[in-house]
Amino acid sequence: MDLERIKRAKPLMDRRFGMFIHWGLYAIPARDSRSEWIRSVDMVTDEEYQRYFDAFNPQDYDPKAWARLAKKAGMKYAVLTTKHHDGFCLFDSKYTDFKSTNTKIGRDLVKEYVEAFRSEGIMVGLYYSLLDWHHPDYPAYGDAHHPMRTNEAFKDRGERFDRYIEYLHNQVRELLTNYGKIDIMWFDFHYDDMTGEKWEATKLIKMAREINPDLIIDDRLGGDIRVNEPVYYAGDFGSPEQMIPAGGVRDYNGNPIPWETCMTLNDNWGYSQRDMNYKSSRNVIRMLVECVSKGGNLILNVGPDARGNIPKKSIEILESVGEWMRLNGESIYECGIADYEKPEWGRITKGKNAVYLHLIDQNQDTIAMPNFPYKVKMATRLSDGSTLSMSEPWNVGSYQGENIVFVHTPAFPVMDEIDEVIKLEIE
Ligand code: GLC
C-alpha cells in the first residue's frame with residue numbers, strides 16, 4: 001500500500017465510527033434474509049417490483065433526525081445507499097426515471113441526507129452499487145446474481161454493456177458534482193469477471209479524483225490493496241464485511257493499512273419486519289474497540305423502514321452506545337494500534353500522547369504490564385477523570401519480571417462492565 005492512499009484515507013480513519021444506511025424500495029417488502037437482495041433471491045421481475053416503486057412514499061423521512069442520532073451515538077461519518085443492486089435511485093438522476101423524484105414522495109432524498117449530515121459535522125459518504133438489476137443493458141441471463149439469470153426470455157436481450165458503463169459513469173459524476181464536496185465513495189461490488197476495468201475503473205476513478213482529489217474510495221471495484229503498488233482504482237481502504245479480521249488488515253509485508261469493517265446491527269442490511277436478532281450495545285462497543293485496537297474503523301448499519309424511520313430497537317442500542325462514547329470516545333477517535341501485545345485482560349488503543357487500557361476481562365484490581373514500551377506519567381480513569389495509583393507491590397519482582405507498569409483499577413462494583421477505560425498519559 002502506498003503512502004499517498006494512507007494519507008488520503010486518514011481523515012476517515014481518524015473518525016473510527018460511522019453509520020451505514022441501507023434504504024430503498026426493499027424496505028417495503030422488508031423480508032428477512034432477502035431484504036435488499038429480494039429481487040435476486042426471489043427472482044422478482046421488473047413488473048412485480050414496480051409495485052414497490054408505485055407505493056414508495058416515506059412520509060416520515062427526516063434525515064436531520066438520523067443525523068442527530070448518528071451524532072448522539074458518537075458516529076462521525078455516514079454512508080447512504082444512493083442506488084443499491086435493484087437500481088432504484090434515491091437521487092434525482094438525469095439518466096433514469098427509476099428514482100425517488102418520480103415516486104409519490106417526489107423528493108431528492110440524497111440531497112436532503114447530504115445537507116442534514118453535513119450540518120451536524122458528520123462526514124458524508126455515498127454508496128453506489130455497480131450491479132444494476134433494473135438497467136436494460138446490465139447482463140441478465142447467465143449472470144451470477146441478476147433476478148432474470150435463468151429466464152430464457154432474457155437470453156438474447158442484446159445488452160450493450162458499454163451503454164451501462166456510460167450510465168454508471170454519468171451517475172457517479174452526478175453524485176460527485178450535484179451535492180457539494182462528497183467525502184467518501186463506497187462502490188459495491190466486484191464478482192466473477194465483473195471487476196476492475198470491466199467497470200472502466202481507471203477512467204471512473206480519474207474522473208472522480210478530478211472532481212475531488214481528496215475523495216476517499218473503498219476497495220470494491222476490484223484490484224488488491226494489499227500489494228506494494230496497488231492498481232490505480234484499487235481504492236484507499238479495505239472493507240471486510242460482517243467480520244473483524246484477526247490482526248486487522250495488513251499488506252503482504254505485514255504493515256497495517258486503512259480498513260473498515262461493515263456490520264449489520266441485526267442480521268439484515270435493509271429493513272426487515274421480523275429480524276430482532278440485534279447485537280447489544282455492549283457487543284457493539286467491544287467490536288468498535290477491537291477494530292480500533294487493530295487500526296480499523298467500524299461502520300454500523302441501520303435499515304430505516306418504508307416510512308423513513310430508523311427502527312426503535314436500533315435507536316435504543318445506538319443511544320446506549322452513545323452514552324459510553326460520550327465518556328470514553330477519547331480512547332477511540334484518532335486512536336489506533338499500540339506497540340504492545342494484546343493483553344489478557346482486554347485491549348489497548350493508542351492516541352497521540354496516551355495509551356488507553358480497555359478492561360473487558362479483568363478479574364483483579366491490579367494490572368501488571370511487563371516490558372511496557374512507554375514511559376507513563378499518570379494513570380486516570382477516563383470516565384470520571386480520577387487518578388489511579390501506580391504503586392508497586394513489594395515482592396512482585398520475584399514473580400513478574402522487570403520494568404513493570406502497575407495500575408490499580410477501580411473496585412469491581414464501580415468498574416464499567418462493558419469496558420472500563422484507563423488512560424495512561426505517556427511521555
Ligand atoms: C454486500 C451486499 C449488500 C450490502 C453490502 C454492504 O456486498 O451485496 O447488500 O450492501 O455488501 O457491505
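**Exercise 1. Describe what follows helix 4 and how its buried and exposed residues are placed.**

Helix 4 is followed by glycine 74, whose phi is positive, near 90 degrees; helices here are DSSP runs of H or I with at least four residues, strands are runs of E with at least two, and both are numbered from the N terminus. The structure is a predicted model, in which local features need pLDDT of at least 70 and side-chain atom pairs count only at pLDDT 80 or more, while totals for chains, interfaces and linings use all residues. Residues are numbered from 1 along each chain as its sequence is written, and side-chain values use heavy atoms, with hydrogens and water left out.

Step 1 is burial, where buried means under 20% relative accessible area, exposed over 50%, and partly exposed in between, with a 1.4 Å probe and protein chains only. In helix 4 (residues 63–73), the buried residues are Pro63, Trp66, Ala67, Leu69, Ala70 and Ala73. Because they cover an arc of only 160 degrees around the axis, they lie on the same side of helix 4, the arc being that of the directions from the helix axis to the C-beta atoms.

Step 2 turns to the other side of helix 4, where Lys64 and Lys72 are exposed.

Step 3 asks what covers the buried residues: strand 1 (17–21), strand 2 (77–83), helix 5 (109–119) and helix 9 (312–328) are included, with contact meaning heavy atoms within 4.5 Å.

**Exercise 2. Characterise the aromatic pair of phenylalanine 20 and tryptophan 186, and then that of tyrosine 138 and phenylalanine 161.**

Step 1 is the rule: rings of Phe, Tyr and Trp (its six-membered ring) pair if their centres lie within 6.5 Å, and planes under 30 degrees apart count as stacked, over 60 as edge-to-face and the rest as tilted. The count comes to 24 aromatic pairs.

Step 2 takes phenylalanine 20 and tryptophan 186, a tilted pair with 4.9 Å centre to centre and 55 degrees between the planes. This pair links distant parts of the chain, since phenylalanine 20 is in strand 1 and tryptophan 186 in strand 4 (residues 184–188), 166 residues apart. Both phenylalanine 20 and tryptophan 186 are buried.

Step 3 takes tyrosine 138 and phenylalanine 161, which form an edge-to-face pair at 6.1 Å centre to centre, with 70 degrees between the planes. Tyrosine 138 lies in the loop between strand 3 (123–129) and helix 6 (161–177), and phenylalanine 161 in helix 6, so the pair ties together parts that are 23 residues apart in sequence. Tyrosine 138 is buried, with a relative accessible area of 0%, and phenylalanine 161 counts as buried at 17% relative accessibility.
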